[in-house]
Amino acid sequence: MTQRRLNRRAGVHVTTWAFALATALMLTGCANALEAPHNPAPDTAGAPAASQDEQQPAADAGSVQVSVDGREFTFTIKSCARYQDSEIEVSGPGGEAGSDVPSYFDGGLMEMDSTPRGEFRIDIGTDQPFDSTGDFLSIGDSTGGAISVDNDGDDYVVTAASWDAQGTDLGQGTVRITCR
């Protein structure tokens, strides 16, 4: 082999190693960026630190009343995002009337080609987001059924098909959303 070919091959190997090293450093930097930043607590002048359970919850963003299969639920919305008059995303804890079992409500509506689409879910047995006991009720159009959305002042009133965790048809359900 000529000296020129050897130099070119050595350059390819150096380039490959440099690329591998740069990629490894970049991935390490990205992984570190995903870690929570260190934010020292403000000086509280000797006050005891509040535990996770003692911290104040977010201000109420509204309420939701749900009627499905003869059952009534009420929820306190912790998150309510609205876009124009036809799109909304809501979530928050609550429960069924007459029951001590907690529930969590979340879901949303959007409009596609002037047709409302969306689904709301009640996770029964938990009052936390992204937590499920496998027992739930849903109201919406995920199965292709009709969904009706009416504005009653600042409230949204949604009427649609409802079903449970086993897929049992529960007839029409109603959701009334009041965002503040």
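This is a walk through a predicted model, from its confidence scores to its rings, its charged pairs and two unusual backbone angles.

Some ground rules come with it: residues are numbered from 1 along each chain as its sequence is written, and side-chain values use heavy atoms, with hydrogens and water left out. Since the model is predicted, local features need pLDDT of at least 70 and side-chain atom pairs count only at pLDDT 80 or more, while totals for chains, interfaces and linings use all residues.

Let's start with confidence. pLDDT is the predictor's confidence in each residue, on a scale from 0 to 100. The chain averages 74, and 64% of the residues score at least 70. Among the elements of the chain, helix α1 (residues 3-34) has the lowest mean pLDDT, at 42, and strand β2 has the highest, at 95. Helices and strands here are DSSP runs numbered from the N terminus (H or I and at least four residues for a helix, E and at least two for a strand). Over residues 3-57 the pLDDT is below 50, and beyond near neighbours in sequence this stretch has five contacts in the model. A contact means heavy atoms within 4.5 Å.

Now for the rings. A pair of aromatic rings is described by the distance of the centres and the angle of the planes. Rings of Phe, Tyr and Trp (its six-membered ring) pair up if their centres lie within 6.5 Å; planes under 30 degrees apart count as stacked, over 60 as edge-to-face, and the rest as tilted. The structure holds three such pairs. One of them joins Phe73 and Phe75, with centres 6.1 Å apart and planes at 10 degrees, so the pair is stacked. Phe105 and Phe120 are stacked too, because their centres are 5.5 Å apart and their planes sit at 10 degrees. That second pair links distant parts of the chain: Phe105 is in strand β5 (residues 102-112) and Phe120 in strand β6 (residues 115-124), 15 residues apart. Phe73, Phe75, Phe105 and Phe120 form one aromatic cluster. Phe73 and Phe75 are both buried, and so are Phe105 and Phe120. Buried means under 20% relative accessible area, exposed means over 50%, and partly exposed is in between (1.4 Å probe, protein chains only).

Another ring has a charge for company: Arg121 lies over the face of Phe136, at 3.7 Å from the ring centre. The rule here is that NZ of Lys or CZ of Arg is within 6 Å of the ring centre and within 35 degrees of the ring normal.

Next stop, Ser138 in strand β7 (residues 136-140). Ser138 is buried, with a relative accessible area of 1%. Its side chain makes a polar contact with the side chain of Glu119 at 3.2 Å. A polar contact is a pair of N or O atoms within 3.5 Å; within protein, one must be able to donate a hydrogen and the other to accept it, and residues adjacent in sequence count only if both atoms are side-chain atoms. Leaving aside neighbours within four places in sequence, Ser138 touches Glu119, Phe120, Arg121, Ala161, Ser162 and Trp163. Trp163 itself is in strand β9 (residues 155-164) and counts as buried at 13% relative accessibility.

On to the charged pairs. Side chains of opposite charge can pair when their charged atoms come close. With a salt bridge taken as a side-chain nitrogen of Lys or Arg within 4 Å of a carboxyl oxygen of Asp or Glu, the count comes to five. Arg71 and Glu96 meet in one of these, at 2.8 Å from N to O. Arg71 lies in strand β2 (residues 71-77) and Glu96 in strand β4 (residues 87-96), so this bridge ties together parts that are 25 residues apart in sequence. Arg117 and Asp141 form another, with their closest N and O atoms 3.2 Å apart. Here Arg117 is partly exposed at 34%, whereas Asp141 is buried at 8%. Asp155 and Arg176 also meet in a salt bridge, at 2.9 Å, and Asp152, Asp155 and Arg176 are linked in a network of salt bridges.

Finally, the backbone. Most residues other than glycine have a negative phi. Asp69, though, has a positive phi near 55 degrees, and sits in the loop between β1 (62-68) and β2. Phe130 has a positive phi near 60 degrees, and lies in the loop between β6 and β7. Phe130 is exposed, with a relative accessible area of 87%.
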